[in-house]
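Please walk me through this structure one selection at a time. I have it open in a viewer and would like to know what to look at.

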Amino acid sequence: MSIQLSLNGVNRSFDGFKAINNLSLTVEKGELRAIIGPNGAGKTTMMDIITGKTRPDEGEVLWNQTVDLTRTDEADSANLGIGRKFQKPTVFETHTVADNIALSLKADRGIWATLFNRRTAAEEARITELLELVKLDGDRDRLAADLSHGQKQWLEIGMLLAQDPELLLVDEPAAGMTDAETMRTAELLRGIAGKHTVIVVEHDMDFVRALDCRVTVLHQGHVLAEGSLDHVSANPQVIEVYLGR
Ligand SMILES: Nc1ncnc2c1ncn2[C@@H]1O[C@H](COP(=O)(O)OP(=O)(O)OP(=O)(O)O)[C@@H](O)[C@H]1O
């Protein structure tokens, strides 16, 4: 496997406070990685740095071992194939599930052509494929507004996948989901990994366990521990700062 993303000695302060402190991290292509850690550990700031929303003060952030992500902005990062899903779902509520996916497909057709022209067979096939992947194939003609919170999150993941990103950053997808939705989300992300690299920030430990992937524990802007969930859960420092609370 080759390296998709590497952070090396990254620092970022806000008003003298080190939100990211000598952070080094490597994620392989196709890997599913969970990032956990207490509030204020720097998880969001790390995602902001990867997507070019925030620039580090120091350090190296490399995409595919070649592109310097400290010099890109959010638009560049999207063009490079980095997709980001924020915590709150943002779907087009007045459109159907299938139309939401159609609007996100890479083809440069414009909104009117997308909604009112017949879709090509290839587009239909791609929409079906994406809806199956995010477990919404039975809901394609429903209005997005009528979906449950969990289903809206899946739809937005489908919309991001329609852009065919190499890396998907997902921020606390399980927040506000039912237990059943949470488990389905873990299954869904496991299904996406391999073809895409997926980094998930999450607090829900049942969800992280269900992801069954390598876990990075951040604390005070630094990697405190890394490995399987069982491995990091047995680390006394991790228990002290996070899991034991
Ligand atoms: N733009 C900013 N200006 C000032 N301080 C900031 C800014 N962004 C982040 N911080 C500070 O940096 C620290 C790390 O914040 P960050 O949001 O990255 O943590 P987090 O791990 O995502 O926390 P949470 O789990 O609560 O979302 C916090 O103390 C936060 O207040």
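Two strands are said to pair if DSSP finds at least two bridges between them. One such bridge joins arginine 84 to its partner in β7, leucine 169. Keep in mind throughout that this is a predicted model.

**Whole chain.** Show all of it as a cartoon. There are 10 helices and 10 strands. The C-alpha trace spans about 55 × 40 × 35 Å along its principal axes. The radius of gyration is 18 Å, which agrees with the value near 18 Å that a compact globule of 245 residues would have. Of the 245 residues, 44% are buried.

**The sheet.** Select β6, β7, β8, β3, β9 and β10, which in that order form an open, mixed sheet of six strands. Where does the sheet end? Its edge strands are β6 (82-85) and β10 (222-227), each of which pairs on one side only. On average, neighbouring strands here are turned by 20 degrees against each other, direction ignored. Strands of a sheet pair through backbone hydrogen bonds, in either a parallel or an antiparallel sense.

**One edge.** Now keep just β6 and β7 (residues 167-171). They pair in the parallel sense over four bridges. Select arginine 84 and leucine 169 to find the bridge partners named at the start.

**Two helices.** Add α1, residues 43-50. This helix lies across β3 (32-36), β6, β7, β8 (197-201) and β9 (214-219), and runs at about 150 degrees to β7. Next add α7, residues 179-192, which lies across β3, β7 and β8. Helix α7 runs at about 150 degrees to β8.

Methods:
Residues numbered from 1 in each chain as written. Predicted model: local features only at pLDDT ≥ 70, side-chain atom pairs only at ≥ 80, totals over all residues. Rg over C-alpha atoms; globule rule 2.2 N^0.38 Å. Buried ≥ 20, exposed ≤ 12 C-beta atoms within 10 Å, placed from the backbone. Axes fitted to C-alpha atoms, helices over the stretch in contact; angles between N-to-C directions. Contact = placed C-beta atoms within 7 Å.
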